[in-house]
Amino acid sequence: MTGLPTIESKPHTPVYKMHKYFARRPWNVFRELIQRHSAAGDIIMDPFMGGGVTVVESLRLKRKVVGIDVNPLAAFITRMEAAPLDTECFQQARKIIVSRLKEEIQSLYATKCPDCGKTAYADWVEWKEAERSINRIKYDCNHCGRSGVKVPLPADATLAKRIENEFERTIQERRLWFPNTEIPPGDKTNSLLNNGITHFHHLYTRRSLLALAILFNEINQADQPMREFLKFTFSSCLKWCSRQSHLRGAIVEGWAMHAYWVYPNSLELNVWNTFERRFDAVARGKKFSNDEIAGFYRAADAFDDLKRDASCLILSRSSSNLPLPENSVDAVVTDPPYGGNVNYGELADYWWIWLCGGKIIEKSEEAVINRTQRKSIREYEEVLTNVFTECFRVLKPGGAFVSTFNSKNAAVVTAFITAAAKAGFAIDGNGISYQAPIKAYTTTFHAMQVGAFVGDFIFTFKKHDHGVSTTTTIGNISDFRNKLQDIVSEGIKNELTESQLREVAYKHLIPYVALHTSTPENCRQATEFFESKMRESSTHFKNQRRAIIEVRRRTYRRSNLKV
Ligand SMILES: C[S@@+](CC[C@H](N)C(=O)[O-])C[C@H]1O[C@@H](n2cnc3c(N)ncnc32)[C@H](O)[C@@H]1O
Ligand SMILES: [Zn+2]
């Protein structure tokens, strides 16, 4: 237990690069866990399926799989990842869309080429949000073959203004649909509401919204099953097409934060170019999944179908009540929400309103810590306990319940472990390991925010007849508090950041809590003691963060000048 072996994470394969979902986990870690705890033909279940990693990796390993998520966007994305696609028909559908729409949508981005004077197209337009004026334009010219960044001409502002003025009339005349959905109050949406952004469509420029509406209405004319995959491709564009896109140095970033946010210098991406790029990404992802899983994949409508030749059941509902018989699943491999780290429902509304005729997601059963939804750590622990209790019921005796977890708040980790114990699970001596972050993604915007938590702990619980483990081998509570005190003092002396220090301390705190679930008062004391020590050092961490941010800001400014 003390060694905490590490599994190195690998970057996403093409199947996971088709569509954004928040907090997708490293495929190779999940693959290893599935292999470790099951054999070909077994049934794996993920009650918090998210972006579909457990589902896809199970199918790749010839395991049958049940994936469940309360968020319908998760179910849609996972179904699109797993279901086979006739890639030739898909390319045919693209040709039809290109022939009907390319010229029209590109004309919305016409701009004079500064090199040859002919018509080029903007690939992106950078706006100064405060003045709603154009700052810079990246253009591509088919006439002279040049690309670059130019300062705007008056004609560029005139074109944008004309499209804006004619927007309502064009939408009405052509009977184009787009979601006219009000943004509901929420922990993550209030920042928008406070800034006068009251509808989701305010997150787009009028030009982007018009182009998206034209594209979406065309896609809706396609026949099934192609329409679903085209909608999926369309939906995958949305990460890139709102005013939440921006430049990080010379890199174009789509919406990458776990919060809604319009940057002071926002980026308006050419919707047509984005669609073509996302089409390529989906084509690559589907080739990958066709090659890897199409032969084994058979969709199930109900659990019983898995006993016959079906291999994949995807359900869009809460896992606190599962339509599965008891003792029917060989292993559970999952990744629950980490407290309030990601508000999946609130964030996924941004996509779902397009896919569901403007409706927002029902969030009452989501396991999350969220003030607006009136869910504190208590309600969160309660939902986790209900879901884990269902997992315990449907698992075969002796089956493994494997879950990744982490949080910047030790009390949230304790809630997770407590929920597993209340459900009846026991953890054994080798049941905790550490998974380092995917190196390639530690530079993403979210991960770069100082203090962001990027690695995960992996917990392996078992469904034993004898119930919860009662081992108490790590000494008494006062010795353990002294140990935590030493870890914090040492970490501060060595200038560790808050998240680095948490990582070191958790490697002691987590096993302690996991082995002392029968004495919850000790767990609570240890967790609170640790958090109080961290609070005592909050000024130190704040100053340290400021210094790091300043260095990053300077680097950012330097690289920005090079654009
Ligand atoms: C961390 S994500 C899973 C990420 C996933 N393992 C992946 O790699 O993409 C957690 C998921 O739990 C879902 N969730 C939250 N409460 C739920 C509930 N009561 N029942 C089912 N799913 C729930 C959220 O919608 C979210 O998609
Ligand atoms: Zn040119």
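Let's start with two helices. In this predicted model, helix α12, residues 410-422, packs its axis within 10 Å of the axis of helix α15, residues 498-515. The two axes cross at roughly 30°. The crossing is right-handed. Which residues make the contact? On the α12 side, they are A410, V413, T414 and I417. On the α15 side, they are Y506, L509, I510, V513 and A514. By class, the contact has eight nonpolar residues, one polar and no charged.

Stay with α15 for a moment and look at what comes before it. The loop between α14, residues 477-493, and α15 holds E495. Its backbone deserves a look. E495 is not a glycine, yet its phi is positive, near 60°. Is E495 buried or exposed? Count the neighbours: 10 other C-beta atoms lie within 10 Å, and the cut-off for exposed is 12 or fewer. So E495 is exposed.

There is a second case of this kind. N327 has a positive phi of about 50°, and N327 is not a glycine either. Find N327 in the loop between β11, residues 312-316, and β12, residues 329-334. N327 has 12 other C-beta atoms within 10 Å, so N327 counts as exposed.

One more backbone point. The peptide bond from Q224 to P225 is cis, with omega near 0°. P225 sits in the loop between α7, residues 206-219, and α8, residues 226-241.

Next, a pair of residues from separate parts of the chain. R545 belongs to helix α17, residues 538-561. R545 and T497 are 48 residues apart in sequence. How far apart are they in space? C-alpha to C-alpha, the distance is 7.9 Å. As for burial, R545 has 15 C-beta neighbours inside 10 Å. Buried needs 20 or more and exposed needs 12 or fewer, so R545 is partly exposed.

Now the strands. Take β3, residues 64-69. How many of its six residues are buried? Six of the six, so β3 is largely enclosed by the rest of the structure. Check each face. K64, V66 and I68 cover one side, and V65, G67 and D69 the other; all are buried. Who pairs with β3? Strand β2, residues 43-46, runs parallel to β3 and is joined to it by four bridges. In that pairing, M45 has V66 as its bridge partner.

For an antiparallel case, turn to β10, residues 265-269. Four of its five residues are buried, which leaves the strand mostly covered. Its partner is β5, residues 119-128, and the two pair in the antiparallel sense over five bridges. To place the register, note that V125 stands opposite E268 in β10.

Last item: ligand 1. There are 26 residues around it. Which of them come nearest? Those are F48, G50, G51, N71 and D335. Two elements give two or more residues to this shell: β3 and α11, residues 377-394. That brings us back to β3, the strand with six of six residues buried. By class, the shell around ligand 1 divides into 14 nonpolar, six polar and six charged residues. Set that beside the contact of α12 with α15, where the count of charged residues is none.

Key:
Residues numbered from 1 in each chain as written. Chains lettered and ligands numbered in written order. Predicted model: local features only at pLDDT ≥ 70, side-chain atom pairs only at ≥ 80, totals over all residues. Near = placed C-beta within 6 Å. Nonpolar A, V, L, I, M, F, W, Y, C, P; charged D, E, K, R; others polar. Pairing = 2+ DSSP bridges. Axes fitted to C-alpha atoms, helices over the stretch in contact; angles between N-to-C directions. Left-handed = near helix turned anticlockwise from the far one by under 90°. Contact = placed C-beta atoms within 7 Å.
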